[in-house]
Amino acid sequence: MQTKLLFPRPRRALVPRPRLSDALHRGRDAALILVSAPAGFGKTTLLAAALQERIAEGPNITTVAWVSLDPRDGDAARFWTYALQALDVASPGCAAAALSQLEGGQSLLADVITSLINELSVRPDDVTLVLDDYHLADTPDVGDALSFLLDHRPPQLHLIISTRADPALPLPRLRARGELVEIRASDLRFTADEAETYLNTVHDLRLSASAVDALESRTEGWVAALQLAALSLHGHDDAASFIATFAGDDRFVVDYLVDEVLDQQPATLRRFLLDTSVLDRLSGALCDAVTAGSGGRGLLETLERRNLLLIPLDDQRHWYRYHHLFADVLLSRLLAERPEDVPELHRRASRWYEQAGHPEPAVRHAFAAGDVDLAADLIEVAAPSLRRHRAEGTLRSWLSQLPPAVLDKRPVLANEFIGALMSTSSFEDVGDRLDALERSLAAAPDMFVIRNDAEWRRLPAVLAMHRAAFALVKGDHGATIAHAETALARATADDQLTVGGASAIKGLAAWSAGDLASALKAYRISADCMAAAGYISDVLGCTVTLVDLELQLGRLDQAHRAAARGLELAGAAGDEGVVRGTADMWVALARVAWERGDTVGAEENLNRASDLGESAGLPQQPYRWRVAMAHLREAQGDVASADTLLCEAERLFNSDFSPVVRPIPAVRARLHIHDGDLAAARSWATSAGVAAADEVTYLREYEHVTLARLLLAEHADTHDDTHLSQALSLLERLHRAADAGGRTAVVVETMVLQAVAHDRAERTDEAVRRLMPAVELAQPRGWVRPFTSEGRRVRELLTLLPRSESGFARTVDAAVGGHPAHIRAQSSPAANVADVPVSVPGPSAEPLTLVAALSSREQDVLRLLASDLDGPSIARHLNVSLATVRTHTQHIYAKLGVNNRRAAVRRGHQLNL
């Protein structure tokens with residue numbers, strides 16, 4: 001059949017794929033080029049186009065012998081008849097003797113191939129043999145003879161195999177020798193650019209970039225699926241609607257996959273495919289559980305060898321998944337053929353995941369099975385772990401899927417639902433749910449279903465704690481304290497969670513009233529309790545508040561120490577991944593660096609938080625990161641970016657029960673004032689309802705200070721002394737209130753603004769007099785931000801201070817220039833380690849303080865950081881993992897108060913470490 005030997009004619013409209021053509025050309029001297037991928041990945045098209053390009057380079061470049069194989073070619077004599085015929089046509093005479101021996105039927109197959117090898121070895125030109133669709137002819141007899149040819153191949157012969165399944169050839173040996181070039185499905189998938197060319201140039205569909213991206217993502221670059229989608233789109237007027245619903249139930253996709261893939265498999269393998277289609281991930285043990293069989297791992301390996309649209313998810317080949325469209329088709333066939341089996345398959349998957357300790361997929365499969373009681377049992381047992389990892393959003397999602405009748409007889413779950421709702425800032429039904437739960441507890445305790453006895457025993461105390469939290473949200477501080485005290489009284493001696501939670505709620509009530517000292521004390525108790533209970537993410541959540549409070553009290557050292565300690569705690573607990581809240585610690589360190597005038601360090605810390613991703617942050621992280629970054633962008637002169645960040649922060653705002661003491665609209669108003677857009681700032685003041693004559697309160701303190709700034713700016717713009725007198729009156733009242741409440745940050749800020757106001761009134765001596773106590777408070781703390789934000793005139797006023805304080809002006813100037821004169825070294829971990837003063841050489845150097853000593857292992861790492869070794873080399877030198885080196889490095893940075901390797905080494909030298 002001569003057509004089996006014809007070189008396929010490349011299609012006229014093809015997507016250029018130089019990355020693949022180049023790979024084929026680079027492998028022209030290899031013994032074997034293997035193109036292995038499932039049906040529809042364009043293997044034949046690629047080879048035809050690439051070889052045509054090579055032939056076009058010149059008649060002496062290469063000679064190609066092509067054989068298109070079919071199932072009958074599994075007979076060795078037939079296979080080699082075609083292979084030898086193709087070679088003889090491509091290079092006349094090279095296979096004549098071998099063909100004669102084969103047709104005579106008297107010679108062994110090895111002798112026939114030996115004859116071919118000998119003839120090719122004396123030929124001057126190379127020849128390439130292409131075996132297309134080799135999987136159809138891959139029998140032991142064919143494979144053995146082909147392996148013999150590869151083992152004794154003359155350099156003039158090159159072999160290319162395209163196949164849907166890896167052949168039974170000595171691939172590992174060829175790979176080890178560097179004689180194998182492999183092109184796989186991952187290489188053949190269309191990139192986004194190739195998909196765009198295919199859809200819009202080849203098919204002239206004129207799709208938008210977003211539509212192309214959606215199709216490319218849905219098909220995972222599978223060429224056949226894109227072609228089928230293109231065919232379907234030609235029959236649709238509404239392309240966007242079709243793309244939104246395109247899936248494995250599209251008639252072209254179904255027909256193709258059923259005909260080309262599913263129905264070609266043996267009955268046993270076909271049933272395995274359908275049974276396991278309920279899974280989004282597959283492992284051998286999981287497949288055995290779902291199919292109630294054995295040999296799942298071997299079947300998965302068989303599927304992978306056959307390239308049956310199975311994608312490995314790890315390098316060890318333990319976990320796989322089906323191509324999305326293939327999975328859709330399998331599931332639709334299962335539902336069509338055996339719908340009654342689907343619930344039990346999901347139930348088996350749920351039980352396997354439960355026993356393996358994976359609650360999320362266990363619950364998901366329980367719901368898919370329609371077994372809400374099983375789902376409820378699993379959720380009740382898993383809830384404490386979800387809370388520990390601050391996954392209240394997941395918990396809420398699960399609980400909302402349970403029918404009310406199920407929750408009515410499960411008080412522990414009903415209480416968990418209340419907590420999850422409040423933790424995700426959804427308070428609409430909380431009051432009614434609390435009332436209903438209390439009524440049911442009093443009415444019908446014998447009817448309850450309890451799966452978690454420990455949480456059942458905690459329920460009375462936790463219910464009171466939820467009452468306290470709900471009262472806090474409503475602004476009833478008296479009821480908040482009363483319910484929190486009830487929770488503490490009901491808590492058992494070992495219930496650290498309730499004690500910690502109730503203490504935090506009391507702290508929030510004190511914070512809302514402006515009693516920062518009491519709030520700080522309560523939050524320290526809460527953090528200690530959460531740490532004792534092993535709720536590290538909650539400890540980090542407490543730390544966010546501790547840093548807030550310490551900064552409002554003007555205690556930068558303590559704020560840094562709290563954040564660094566939190567970071568160290570997260571690192572020590574992060575064996576299974578990044579602990580949620582770790583990113584918040586980097587933002588907290590960034591805020592401290594910002595207040596010290598270290599804008600470079602602040603940006604580095606914010607970038608570290610961003611690099612960790614959203615999953616490493618608590619609910620407040622998205623907006624707090626943007627607010628902190630907005631301050632940086634404003635300082636760098638990029639007001640537009642700062643405003644965009646603040647708009648995003650307002651959209652993402654989540655108070656997480658904390659009092660809103662720095663409303664983002666007020667932060668934006670300060671940006672507008674700094675940028676000279678006083679109309680926008682005045683519009684904010686009107687909408688916020690703040691006026692100069694207002695009674696000052698803690699919760700609106702930030703807004704009233706912002707209004708004072710606006711009045712000063714309006715005076716500078718209009719020279720209307722009314723604005724100045726209003727600003728001075730407001731600032732005086734704010735200063736007295738902040739001073740009485742011990743809120744040092746506002747005390748310093750109002751004194752600086754008073755100095756600005758008096759200077760505007762040409763009372764320079766009074767301005768300097770107001771500035772002096774602000775400097776006395778800020779200078780020992782290395783606190784420069786209150787002065788850098790007020791313009792050059794404040795820095796000039798600093799030079800008029802008495803000599804003992806005037807040097808502070810140089811520190812502020814250095815911070816404005818992006819080069820802070822010094823940053824005090826801080827630490828995080830050991831709270832019981834005494835301060836060790838260390839002098840830094842130099843006439844103007846100030847003493848640095850190392851609060852917690854480096855461990856011996858951290859000293860080893862620090863010494864190696866000073867070398868030229870990279871991270872992996874340091875790990876090998878110390879005989880530890882790279883992750884361990886990174887953890888030690890984080891601790892070193894936190895203890896030394898630095899953000900990078902070079903700074904750590906420099907600080908280590910300064911501290912004689």
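User: Before we start, what counts as contact here?

Analyst: Happy to help! This is a predicted model, and the term rests on distances between heavy atoms. Contact means that heavy atoms lie within 4.5 Å.

User: Thanks! Which helices do the buried residues of helix 36 pack against?

Analyst: Let's begin with who is buried: in helix 36 (residues 678–688) these are L678, A681, W684 and A685. They span an arc of only 115° around the axis, so they sit on the same side of helix 36. In general, an α-helix has 3.6 residues a turn, so residues three or four places apart point the same way. The partners packing against the buried residues of helix 36 are helix 35 (664–675) and helix 37 (701–718).

User: And which exposed residues does the face turned away from the buried side carry?

Analyst: Exposed means over 50% relative accessible area. On that opposite face, helix 36 carries A679, T686 and S687.

User: Which strands stand at the edges of the sheet?

Analyst: The open sheet has 5 strands in the order 2-3-4-1-5, with parallel pairing. A strand at the edge has a single partner strand, so one of its sides is left without a neighbour in the sheet. That describes strand 2 (64–68) and strand 5 (180–184).

User: Is C542 buried or exposed?

Analyst: A disulfide needs two cysteine sulfur atoms within 2.5 Å, and the nearest one to C542, that of C529, is 9.1 Å away. C542 is therefore in no disulfide. Its relative accessible area is 6%, and buried means under 20%, so C542 is buried.

Definitions and conventions: Residues are numbered from 1 along each chain as its sequence is written. This is a predicted model: local features need pLDDT of at least 70, side-chain atom pairs count only at pLDDT 80 or more; totals for chains, interfaces and linings use all residues. Side-chain values use heavy atoms; hydrogens and water are left out. Two strands pair if DSSP finds at least two bridges between them. Helices (H or I, at least four residues) and strands (E, at least two) are DSSP runs, numbered from the N terminus. Buried means under 20% relative accessible area, exposed over 50%, partly exposed in between (1.4 Å probe, protein chains only). The arc is that of the directions from the helix axis to the C-beta atoms.
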